[in-house]
Amino acid sequence: MKLAELTQIALLGTDRQGLSLSPTDSLLGRLQPQLAPARRERLLLSLAALCAVREGVGQLPVQDRAPLPEPSPGEHLPYASEPANALLLRMLAGELGELLAEWLRLAAAAGRLARPESLPDLLDTGNPKPELRESILAVIGRRGLWLARQNPDWAWANGATGHEEDAWHTGERALRLAFLRSLRKSNPRRARELLAETWEEELPADRAVFLGTLEEALTPEDEEFLEAALGDKRKEVRKTAAALLARLPGSKLVERMVARTKPLLRFLPGTPGSVLKLKKTRRASIELTLPDECDQAMKRDGIEPGARQGFGAKAWWLIQMLEVVPLDSWTRDWQVSPADVVAASQGGDWARELLEGWTRAVVRQQNAAWADAFFPAAVAARHLDLLQGSLAAMAPAQREARLAGLLSPKEEHAGLYGRLIGHCRHDWSPDFSRVVLGFMRRESGRDSGNWLLRNQFNTFAGRLAPEVLSETAQGWPTDSKTWEFWSKGVDEFLAATQFRAELHAAFTKRPPS
Amino acid sequence: MSWTVEQVLALAPDASSANSGRGLAAARKWETLGADATSAWGTFQGSGKQPYQTSIDLGGPAFKCSCPSRKFPCKHALGLFLVLVQQPGAMAEKAPPAWTAEWLAGRRGKEEKKAGNVPDADSPEDPQAGVEAAAAAARRAASREAKVTAGLEELGVWLYDLVRSGFAVLPGKPSRFWTTPAARLVDAQASGLARRVSRLDGVTTLGEHWPARLLWEAALLHLAREGWTRITALPKAAQADLRAAIGFTTSQEEVLAQDGLRDHWMVVAQVIEEDERLRTQRTWLFGANTRRPALCLSFSAGPAQPLDVSLTAGTTLDAELVFFPSAWPLRALVKHRHETRQPAACQWPHRTITEANDFAAEALTANPWIERLAFGFTAVVPVRRSEAWLIRDEAGHALVLDAPEEKAWRLCSLAGGRPVSLAGEWNGERFSPLGAWAEGRFLRL
């Protein structure tokens with residue numbers, strides 16, 4: 001007698017199904033006479049109870065005969081310390097996840113591995129954040145690679161292979177984009193080839209986005225493909241292609257733009273006045289002719305025909321042209337320094353247009369020398385976008401020096417310039433960290449309602465130099481009237497800096513032997 | 001013993017307390033901080049006029065705080081504990097202040113009293129009052145038993161109806177078809193059986209084997225009903241098991257009055273199950289020498305009623321345990337605790353899956369009402385098969401895991417394809433992993 005047989009009877013109901021019992025079963029046969037036989041349903045349940053207990057007790061474990069997987073090889077590096085491990089687990093659980101990159105960097109630098117319990121979450125993180133993949137690979141050790149081989153979700157950890165290219169052909173849009181981005185980092189040529197293969201079938205709306213991935217590792221090799229994209233039906237695609245070509249100094253697009261623009265500008269050197277005052281001193285200046293028309297060729301090269309941003313149409317064409325023409329070609333042609341060009345441009349009628357065009361060029365071409373030369377003019381114009389772009393083009397030390405000047409307690413508009421701090425995305429030096437700290441302390445004693453700044457405190461916490469982390473707790477204007485508004489931002493900032501301090505301590509302190 | 005951040009956070013009554021506790025885990029936020037070998041204390045300027053005074057008895061652990069929070073442990077206690085774990089150097093004071101010392105002395109005094117069985121000073125001394133109280137208790141007990149008898153009679157009618165008309169008509173029945181008889185059992189003060197019946201709600205959606213599962217459950221309910229009609233004929237221990245299954249409780253004082261069983265009890269696993277109203281914490285222990293299992297339960301009906309935080313998975317306590325009466329004693333209370341420590345290595349009792357299986361068979365033979373048991377394996381390998389995750393022993397015997405993918409992968413990573421020590425709960429069908437020893441460390445899963 002088995003529970004399964006009794007189940008068949010129970011399913012139909014004892015009203016419909018008789019209960020025929022074979023007393024062959026030794027235990028049940030012996031017990032059956034003791035069971036109250038009065039009603040069939042009670043007898044059925046009594047027998048089921050016996051069977052249930054007997055089958056529960058008599059259950060045998062299953063046999064697994066398939067071969068065991070090859071165990072993971074031993075590690076060649078030691079694990080991170082327990083405190084470091086605890087911090088990692090907290091971040092993987094969602095606390096201050098933005099500091100994960102720092103943990104990974106510190107661990108890799110110290111030659112330490114993430115412990116096995118964190119590996120699945122780390123491997124998961126690599127999917128939405130391809131930019132962390134390389135540093136994740138550095139800390140997951142042999143165990144992590146062993147693990148990743150068993151889960152198709154973690155295929156990225158075992159290198160982009162032909163198999164992964166399936167994602168490009170069959171995946172959803174977001175997956176394809178992530179794949180293309182990461183492949184562009186590891187194998188730029190293959191990424192472009194894949195895009196070219198499917199180009200004709202891509203939705204017009206997707207083309208511009210996919211094309212944008214070529215920004216990573218852009219080389220003259222990409223020019224032919226981009227040049228062809230200039231003829232695309234869709235404006236966004238043409239614009240993206242033109243913007244990328246403009247960043248290739250030797251490209252045909254840049255050459256065309258140079259040819260169009262050079263005749264429009266003339267540098268007139270200054271002449272010193274003579275002692276006899278027969279001749280007046282004349283400052284250097286730039287003579288400018290605006291372009292007459294925006295023809296098809298110019299439009300194809302990405303020039304927007306309409307007027308924009310308070311500039312007339314012709315001036316706007318010129319600004320866009322200046323943006324593309326290599327900055328160093330002006331100084332070379334005219335045999336002057338960037339500072340000379342700035343000085344010459346700022347006196348004349350076209351000062352605003354030239355400043356706009358050239359600072360845009362500074363941003364696009366990442367030209368640090370020109371950025372520095374134009375900075376004072378951008379400050380004078382209090383043009384935040386230009387300032388931000390110029391700062392981005394500078395080397396970290398130069399950027400810090402320039403911005404530190406704007407954040408000084410003596411600067412009247414320091415509050416305004418505070419918005420630029422967030423755009424300094426490099427790791428700050430101790431000196432600059434202290435400048436920002438001082439600025440934060442002063443501002444948090446002022447008006448409430450500056451959400452923009454308060455919301456950035458957390459970002460600042462991630463950029464401070466490690467040496468300064470222990471100096472953050474004191475010196476806040478806790479007695480000010482507006483402190484209630486600021487304290488939330490400051491508390492979060494302090495929590496993050498303390499977390500980072502622990503993070504650095506966990507990797508630098510010698511573990512107790 | 002040394003604590004980890006994870007262990008401390010596991011003491012939090014809920015996620016928001018854990019977060020608030022973390023927020024206070026910075027030495028700079030505290031006015032004073034101190035610790036000695038067995039306790040920690042600190043003062044915290046909260047929103048009140050006076051700073052809050054927070055103390056921790058590390059021997060428990062036990063907590064005391066002067067803040068008005070109804071959560072336990074409160075965020076201050078958790079924050080203080082985290083500071084102790086993460087920044088031990090910040091615990092500047094070395095001698096406990098009076099408010100900590102008094103509380104500690106009070107606690108230790110109480111524990112000694114409990115251990116020494118000193119009768120409470122306010123216990124009734126008037127013999128006449130005692131007799132009257134006993135008579136009243138007997139009347140209450142008789143009335144409850146009558147209620148249970150009536151409730152089980154009604155349960156029987158419902159059960160026999162199910163079997164007569166056949167399970168085939170059940171799919172699509174509304175929820176109340178199952179919850180009504182469950183509610184009637186609650187009224188009849190048979191909460192244990194009520195829980196079993198309410199669990200049947202939705203049984204017809206549980207895959208193709210649902211009729212067998214339902215028959216299994218119905219049969220056990222029937223067994224309880226039949227047993228109750230002749231309970232006096234059963235052996236004492238079986239009576240106790242049946243009464244517990246129906247929902248009778250045994251007073252803790254009665255249990256604590258017994259002699260304790262001293263051993264090094266390894267806390268192998270802990271799990272909290274949340275119901276609509278009730279949180280139940282199951283803590284599983286094994287005696288290192290006696291090899292006996294023990295289950296400590298703790299219940300909480302809301303944030304004001306904290307779960308017991310004195311047992312931490314991965315630790316071993318030298319303690320005396322007392323067991324609730326049963327044919328296969330399992331549920332237990334800690335009667336007296338001598339010392340807690342962090343063991344250096346794992347000595348869990350089940351060397352093979354067959355051994356664990358025999359252990360479960362022995363338990364179920366003695367007490368058919370056991371719903372789950374803990375297994376503590378010394379060496380099993382987690383393996384992923386196309387249909388499920390398994391754990392497997394040297395002989396190739398396997399158990400199917402009951403674990404979300406996330407947890408299964410973490411376990412797989414910990415093991416790296418090699419045997420690990422693994423503890424968890426067995427429900428008769430699947431094994432739910434809860435804690436592992438791998439490479440010399442204990443980890444909650």
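Buried area is the accessible area, for a 1.4 Å probe, that two parts lose on being put together, summed over both. With that in hand, let's work through the interface of this predicted model.

**Exercise 1.** Find how much area chain A and chain B bury between them, and how many residues each chain brings to the contact.

*Solution.* Start with the area: chain A and chain B bury about 4900 Å² between them. Next, look at the atoms involved; carbon and sulfur account for 58% of that area. Finally, turn to the residues: 58 come from chain A and 58 from chain B.

**Exercise 2.** Count the salt bridges and polar contacts between the chains, and then describe the side of chain A that touches chain B.

*Solution.* Begin with the charged pairs: there are eight salt bridges between chain A and chain B. One of them joins the side chains of B:Arg385 and A:Asp64, with N to O at 2.8 Å; this fits the cut-off of 4 Å. Then take the polar contacts, which link 29 residue pairs across the two chains, both residues at pLDDT 80 or more. Several elements of chain A supply at least two residues each to this side, among them helix 1 (3-12), strand 1 (62-63) and helix 28 (483-508). Helix 3 of chain A gives the most, with 11 residues. Sorted by class, this side of chain A has 31 nonpolar, 13 polar and 14 charged residues.

**Exercise 3.** Determine which strand of chain B pairs with strand 1 of chain A, and in which sense.

*Solution.* The partner is strand 12 (residues 397-400) of chain B, and the pairing is antiparallel over two bridges. To place the register, note that A:Val62 stands opposite B:Ala398 in strand 12 of chain B.

Note on methods: Residues are numbered from 1 along each chain as its sequence is written. Chains are lettered from A and ligands numbered from 1 in the order in which they are written. This is a predicted model: local features need pLDDT of at least 70, side-chain atom pairs count only at pLDDT 80 or more; totals for chains, interfaces and linings use all residues. Side-chain values use heavy atoms; hydrogens and water are left out. Contact means heavy atoms within 4.5 Å. A polar contact is a pair of N or O atoms within 3.5 Å; within protein, one must be able to donate a hydrogen and the other to accept it, and residues adjacent in sequence count only if both atoms are side-chain atoms. Helices (H or I, at least four residues) and strands (E, at least two) are DSSP runs, numbered from the N terminus. Ala, Val, Leu, Ile, Met, Phe, Trp, Tyr, Cys and Pro count as nonpolar, Asp, Glu, Lys and Arg as charged, and the others, Gly among them, as polar. Two strands pair if DSSP finds at least two bridges between them.
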